Amino acid sequence: MLEQQLINGLMLGSVYALVAVAFTLAIGVLNFLNFSIPGLFMVAGMLTWFFLRAGLPWPLAALLAVASGGLLSILVERFTYRLMSRSQHFVPLVTSMAFLILFENLALIAWGSDQQRVPLPFETVSWRVGGTVIAVPQLVGLGCAIAAVACLDLLLKRTHIGRGLRTIAEDPETATLLGVPVSRVVPVVFIVGGVFTALSGFLFAVNYQQASPFMGEEVALKGISAMVVGGMGNIWGAILGGLLIGVVETFAIHWLGARGVDIAVYGLLLAILFVRPTGLLGGVVRQQRM
Amino acid sequence: MSGYLESVLVLLAINTILAYAAFLPMVAGQLNLGVAAFVAIGAYSAGYLSNTFSVHPVPGAFAALAMAGFVGWLVAFPILRTRGIYLALATFALNQVVQGAILNMDAVGGASGYPIPEHIGFAVVATFAVGVLALVVLLFHTRFGISVTAVSDDERVADLMGLSVRGLQSAAFTAGAALAGLAGALYAHHFNYVEPQNYGVLFSIYVVLYVLLGGTQTVWGPLLGAAVFTLLPELLRGSAAWRYVIFACLIIAIMALRPQGVVVRKAWFSR
């Protein structure tokens, strides 16, 4: 029974982990808490439902949902980071919150506030290992999450753009002096973040077969917690944090009931912030602006 | 006064108090994403006092203010150890924990909400709002206003000039929490029903957004922000979703064109 909870927690955690990676990338490189991420997650989830209901084959639906995440994220970049350099530091955070409200309400207008049931695009296959049931699509989702982060890790460490990003994370002014094309590299952070978020939205919609205009809030808030628990700015920390939050959540439901979940998860977040604000895998806290 | 007009004006009064609840910590450089937590504490304290001990709503509102202020003062110590993004995240986590705690409290109805029969009219709510406004304006004509602005402008210099930075920061945080509690108590007694689902982090975000829309450089910015946030949607008369779409576009446009907010401080010297 406990093994089953652990498996369920890890599966749920893989959704949080992808969102946490998007958050942690924006914080790590740009020092920017991007509140539009819940909106992008929701748009991807709702589009998945919309396309699958319209009868599109699921790989195409997935592709369109993920692409929409990347595109909308560029739109957000135009109004947030572009303006950051010549204005007060809280502006991008505020604008990204406004984008969240914008996306949620546009989805409400387009599709109504009901929770929609996402049609399952393929037969559910599950393996039985001992007493536990492992759903194969969810396992594939977890695999996708880890593979995507491994690719991102390679991108950051091995490529020219990745080196540019790490320089900007260190110090944007020095990066400019050293000839890093900041205004061309920064959108990469937003595209990658948008794609990860949208992938997560797709996986959530397909695995839990539900989508609603508010689906982003809950998941993204857990994603933020996962990012902090793992260590802000650390992508493997985001994966660890995401899986941990997923497991804490399923065990909290098991032991405390559905209403105890928020106390357990966000209590853990508060405790980490007070005791070890760098998170489990984080290094030294940088002097953070807002 | 028609019922519709009265409820709009009551919301305006409550939103004004909320605006100052978010404004006070913000001028001290803290982005408080946990305003809703203190509103909930105020609303439920006032409701509990009124329902269980039949306390009159007006002293009840003061008790709620004290209660939320006390909790704010208690959590200010660990929370103000963090800063910047960490502080915003800690207040956000606090918001979720308080909401979760209330959901689990069966004494105040838990998830099914909490009816509070004792009613107060527009006059009482408006009096409180005017009082809060006068108090904050007065406060910013004293040393406190200048000191707190100095702390948010440059903490180190403020410290060097002999200001108690920690004291000012926790005072601003506590005062904000207390005002949020007052707003919660007034809401609970006017609308006679509260439920924990309303006090999520999105509530806090809305409050922060309309304060920033008005601008945080002067004491009048939050008032304007609250007025625009409350009245504009009523004038537009579309569906609720369209109102928020327009509100969001307005925020994005203002942040792009005039990031200090609509009302700004007069420049004392030109640079």
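**A walk through chain B and a helix pair in chain A**

In chain B, the buried residues of helix H10 pack against four helix stretches: H1 (3-27), H5 (122-139), H9 (201-214) and H11 (240-257). Keep in mind as you look around that this is a predicted model.

Let's stay with H10(B) for a moment. This helix covers residues 220-236, which makes 17 residues. From its first C-alpha to its last it reaches 24 Å, close to the 24 Å expected at 1.5 Å a residue. Which residues of H10(B) are buried? They are Gly221(B), Pro222(B), Leu223(B), Gly225(B), Ala226(B), Phe229(B) and Thr230(B).

Now step back to see chain B as a whole. Chain B has eleven helices and two strands, and from the N terminus its elements follow the order α-α-α-α-β-α-α-α-α-β-α-α-α. Along the principal axes, the C-alpha atoms fill a box of roughly 55 × 40 × 30 Å. A compact globule with 271 residues would have a radius of gyration near 18 Å, and chain B agrees because its own value is 18 Å. Of those 271 residues, 51% count as buried. Among contacts in chain B with a separation of 6 or more, 81% join residues 24 or more positions apart.

Finally, turn to chain A. The axes of helix H7 (residues 160-170) and helix H9 (residues 182-208) of chain A come within 10 Å and cross at roughly 95 degrees, so H7(A) and H9(A) are roughly perpendicular to each other. On the H7(A) side, Ile161(A), Gly164(A), Leu165(A) and Ile168(A) make the contact, and they meet Val182(A), Val185(A), Val188(A) and Val189(A) of H9(A). By class, this contact of H7(A) with H9(A) has seven nonpolar residues, one polar residue and no charged ones.

Technical notes. Residues are numbered from 1 along each chain as its sequence is written. Chains are lettered from A and ligands numbered from 1 in the order in which they are written. This is a predicted model: local features need pLDDT of at least 70, side-chain atom pairs count only at pLDDT 80 or more; totals for chains, interfaces and linings use all residues. The expected span of a helix is 1.5 Å times one less than its number of residues. A residue is buried if 20 or more other C-beta atoms lie within 10 Å of its own, exposed if 12 or fewer, and partly exposed in between; C-beta atoms are placed from the backbone. Two residues are in contact if their C-beta atoms, placed from the backbone, lie within 7 Å. Axes are lines fitted to C-alpha atoms, for helices over the stretch in contact, and angles run from 0 to 180 degrees between N-to-C directions. Angles under 35 degrees count as roughly parallel, over 145 as roughly antiparallel, 65 to 115 as roughly perpendicular and the rest as oblique. Ala, Val, Leu, Ile, Met, Phe, Trp, Tyr, Cys and Pro count as nonpolar, Asp, Glu, Lys and Arg as charged, and the others, Gly among them, as polar. The radius of gyration is taken over C-alpha atoms; the globule rule is 2.2 Å times the number of residues to the power 0.38.
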